[in-house]
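User: I am new to reading protein models, and I would like to understand how the words used for them are justified. Could we go through some of them one at a time?

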Amino acid sequence: MKLVLKTRVGQPPSQVWSGFNESLFLKLAPPLPRIRLLKFQGSTEGCLVEVEINFIFFKQTWQSLIVEQGATEQKIWFVDEGRQLPFFLKYWRHQHLLEADGEGTFITDAIEYRSPAWLLDVLLYPSLWLQFAYRKPIYRRIFAQDAADSSR
């Protein structure tokens with residue numbers, strides 16, 4: 001199943017890229033389910049990110065590896081793939097794409113996932129969409145043009 005969300009922000013891709021760090025990762029985490037960051041090595045190829053997800057009655061570990069990172073004059077991207085996933089997922093690939101748009105940037109979260117059953121893929125879609133839509137106002141606030149102006 002595929003899920004794509006785009007958010008326009010006021011800063012150029014290079015400034016947005018410099019903000020993709022552990023602090024941003026924690027701010028982007030939705031309130032539920034709660035996560036505990038176990039490891040954050042960065043957003044470049046070969047880096048590992050590991051979290052513990054608290055589903056109230058049980059906990060699951062999610063481990064993703066950055067398998068690709070690149071840049072051109074107009075875009076910067078990195079891709080994480082799930083290496084250890086919660087029981088309800090068997091495949092996860094998430095491309096983070098920062099594309100220049102005038103003075104700003106389009107941040108695209110392009111996710112491909114699979115669960116053990118097609119019906120579960122469909123049932124997971126609304127929840128995953130909400131979790132990534134939750135990021136949109138955070139991206140806009142953190143990467144607002146005003147934030148770029150105040151850092152000069």
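Analyst: The turns below take up the sheet, the cores, the aromatic rings and some residues in loops of this predicted model.

User: What makes β1 and β2 the edges of the sheet?

Analyst: The open sheet has seven strands in the order β1-β7-β6-β5-β4-β3-β2, with antiparallel pairing. In that order β1 and β2 each have a single partner strand, so one side of each is left without a neighbour in the sheet. Neighbouring strands are turned by 20° against each other on average, with direction ignored.

User: How do you know that β1 and β7 are paired?

Analyst: Two strands count as paired if at least two bridges are found between them, and eight bridges join β1 to β7, which run antiparallel. Along this pairing, L3 stands opposite I111 in β7. Helix α3 packs on the sheet, where α3 touches β1, β6 and β7, and the direction of α3 makes about 10° with that of β1. Helix α4, residues 135-142, also packs on the sheet and touches β1, β6 and β7, with a direction at about 25° to that of β1.

User: Which residues have the most contacts inside the largest nonpolar core?

Analyst: They are W62, L89, W92 and Y113, in a core of 15 residues. Strands β1, β3 and β7 and helix α3 each supply at least two residues of this core, and α3 gives the most, with four residues. A second, separate core has 14 residues, including V9, V16, F78 and I107.

User: Why is E52 called buried?

Analyst: The word is used for a relative accessible area under 20%; E52 has 18%, and therefore E52 counts as buried. This residue lies in strand β3 and, leaving out residues up to four places away in sequence, touches R34, I35, R36, L38, K59 and Q60.

User: Why is the pair of F25 and F40 called tilted, and why is the pair of F55 and F58 called stacked?

Analyst: Rings pair if their centres lie within 6.5 Å, and planes under 30 degrees apart count as stacked, over 60 as edge-to-face and the rest as tilted. The centres of F25 and F40 are 5.7 Å apart and their planes stand at 50°, so this pair is tilted. Because F25 lies in helix α2 and F40 in strand β2, the pair ties together parts that are 15 residues apart in sequence. For F55 and F58, the centres are 5.1 Å apart and the planes are at 25°, so that pair is stacked. A search of the whole structure finds eleven aromatic pairs.

User: How do you know that K6 sits over the ring of F106?

Analyst: The distance must be within 6 Å of the ring centre, together with a limit on the angle to the ring normal. K6 lies over the face of F106 at 5.2 Å from the ring centre, and K75 lies over the face of W77 at 5.9 Å.

User: What makes I56 and the bond between L32 and P33 worth a remark?

Analyst: Most residues other than glycine have a negative phi, and most peptide bonds are trans. The phi of I56, however, is near 70°, a positive value in a residue other than glycine, and a cis peptide bond, with omega about -5°, joins L32 and P33. I56 lies in the loop between β3 and β4, while P33 is placed in the loop between α2 and β2. Exposed means over 50% relative accessible area; I56 has 71%, and so I56 counts as exposed.

Notes: Residues are numbered from 1 along each chain as its sequence is written. This is a predicted model: local features need pLDDT of at least 70, side-chain atom pairs count only at pLDDT 80 or more; totals for chains, interfaces and linings use all residues. Side-chain values use heavy atoms; hydrogens and water are left out. Buried means under 20% relative accessible area, exposed over 50%, partly exposed in between (1.4 Å probe, protein chains only). Contact means heavy atoms within 4.5 Å. A nonpolar core is a set of buried Ala, Val, Leu, Ile, Met, Phe, Trp, Tyr and Cys residues joined through side-chain atoms within 4.5 Å. Rings of Phe, Tyr and Trp (its six-membered ring) pair if their centres lie within 6.5 Å; planes under 30 degrees apart count as stacked, over 60 as edge-to-face and the rest as tilted. A charge sits over a ring if NZ of Lys or CZ of Arg is within 6 Å of the ring centre and within 35 degrees of the ring normal. Axes are lines fitted to C-alpha atoms, for helices over the stretch in contact, and angles run from 0 to 180 degrees between N-to-C directions.
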